[in-house]
Amino acid sequence: MGPALCLSSAACFGAMAIFGKLAYAAGVPSGTLLLVRFGLAAALLALLLMLRPGLRRDPMSPGPTTGAVGTTPMLLVTALALGAVGYALQASLYFSALEFMDASILSLVFYAYPLLVTLTAVLLGRDRLTPGRCVASVAASGGTSLVLLGTGGMDLHPFGAVLAIGAAVTYTGYILIADSVVRRLPPVKLAALVMAGAAFTMAVRSLVTGGADLGFGWRGWFWLVCIAAVSTVLAMLTFFAGLRRTGPSTAAILSTFEPVVTASLAALTLGEVLTPLQVAGGLLVVASVAALQLRGGTRVPPRRNAGRTTAGDPQQRVTVK
């Protein structure tokens, strides 16, 4: 279930660059896009929590009624800060880069982050560099490089590339911090807090820059709803649910399926032609997912589970792949 959730999240995130390009074509400014995206996503998640109170409790927690384990004011502040600082900054850099680069090229430059996440998690002792992960990381990195080389260097705007790399570094930190929070808060509740924090940051930015421009037509609103519902709410919920089951390294490697989705959709909808080299790179990324599942990997379990071997312990199912 963990890998399936991560791949579903990658597909939803992969469509975001396409939705963003179509929103720009419909006259939606970048700042307004981010404000509406996060505000609408926060509203949808809040509504979901109101209609389904059971989602406020963590079904994978050993507690019979408490929901999240160890929930504290500091934990809630951390979740809000993940959105207000990490996610808001990453999204701002990503969509700013999208104004300078093709959707497929941006997605591939941004996908330096899986390797960054894997190496950092191993250095921090939070994941093990197993043979399966080594094979998958090399295959995934090689695949994204081939897709990038397949562009022939066209439309690789230098400033856009800097923004994309900045987004990758920011997202690396976001995933590693989220990994320490996601096992202590239910996924829907965590996603709602992250979106609320990001919406707050974008609202402050909008006020400072003179307010949001909402003078675009229904096409712009349609693509904004797609970004908020598909590439934000659904993508984030499936990512958090997958992250807690697989760990940061595996989740990041599986997420390399995203640029394959983006490049394919860009070819279908935006006329961005895929070359044979890019197709080969995409197949290599898919092969990395298969290699990861065939060879597997073990997540380093938290200390609080040491010595616990009960077969029905839900925390064992969360922390050990």
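**Exercise 1. Place a residue of the core.** In which helix is Phe239 found?

*Solution.* Some ground rules come before the steps. This is a predicted model, in which local features need pLDDT of at least 70, side-chain atom pairs count only at pLDDT 80 or more, and totals for chains, interfaces and linings use all residues. Residues are numbered from 1 along each chain as its sequence is written, and side-chain values use heavy atoms, with hydrogens and water left out.

Step 1. Phe239 is found in helix 10. Helices (H or I, at least four residues) and strands (E, at least two) are DSSP runs, numbered from the N terminus.

Step 2. Phe239 counts as buried because its relative accessibility is 2%. Buried means under 20% relative accessible area, exposed over 50%, and partly exposed in between (1.4 Å probe, protein chains only).

Step 3. List the contacts (heavy atoms within 4.5 Å). Neighbours within four places in sequence aside, Phe239 is in contact with Ser9, Phe13, Tyr171, Ile175, Ala251 and Ser255.

Step 4. Compare sequence with space. Phe239 and Cys12 are 227 residues apart in sequence, yet 9.8 Å apart in space, C-alpha to C-alpha.

**Exercise 2. Look from the other side.** Which residues does Ser9 touch, not counting residues up to four places away in sequence?

*Solution.* Step 1. Ser9 sits in helix 1. Step 2. Its relative accessible area is 1%, so Ser9 is buried. Step 3. Beyond residues up to four places away in sequence, Ser9 touches Ala235, Thr238 and Phe239.

**Exercise 3. Check the length of helix 3.** What span should the 22 residues of helix 3 have at 1.5 Å a residue?

*Solution.* Step 1. The expected span is 1.5 Å times one less than the number of residues. Step 2. For helix 3 (residues 30-51) that gives 32 Å, and the end C-alpha atoms are 32 Å apart, so the two agree.

Step 3. Find the buried face. Buried residues of helix 3 include Leu34, Phe38, Ala41, Ala42, Leu45 and Leu49. An α-helix has 3.6 residues a turn, so residues three or four places apart point the same way.

Step 4. Name the cover. It includes helix 1 (2-14), helix 2 (16-25), helix 4, helix 9 (187-208) and helix 10 (218-246).

**Exercise 4. Describe the cavity.** Which residues line the largest cavity?

*Solution.* Step 1. A cavity is a set of points, on a 1 Å grid over the protein atoms alone, where a 1.4 Å probe fits but cannot get out; lining residues have an atom within 4 Å of a point.

Step 2. The lining is Phe13, Met16, Tyr87, Gln90, Tyr94, Phe110, Tyr111, Tyr113, Tyr171 and Glu258. Phe13 and Tyr171 are also among the contacts of Phe239.

Step 3. Helix 4 (residues 73-98) gives the most to this lining, with three residues.

**Exercise 5. Trace Thr118.** Is Thr118 buried or exposed?

*Solution.* Step 1. Thr118 lies in helix 6 (residues 113-123). Step 2. Thr118 counts as buried, because its relative accessibility is 1%. Step 3. Setting aside residues up to four places away in sequence, Thr118 touches Leu129, Ser137, Ser249 and Ile253. Step 4. Thr118 and Gly247 are 129 residues apart in sequence and 9.8 Å apart in space, C-alpha to C-alpha.

**Exercise 6. Step back to the chain.** How many helices and strands does the protein chain have?

*Solution.* Step 1. The chain has 14 helices and zero strands. Step 2. Of its 321 residues, 51% count as buried. Step 3. Among contacts between residues at least 6 apart in sequence, 88% join residues at least 24 apart.

Terms used
1 Å grid on protein atoms, 1.4 Å probe; cavity = no way out; pocket = protein on both sides within 12 Å on 5 of 7 lines; lining within 4 Å.
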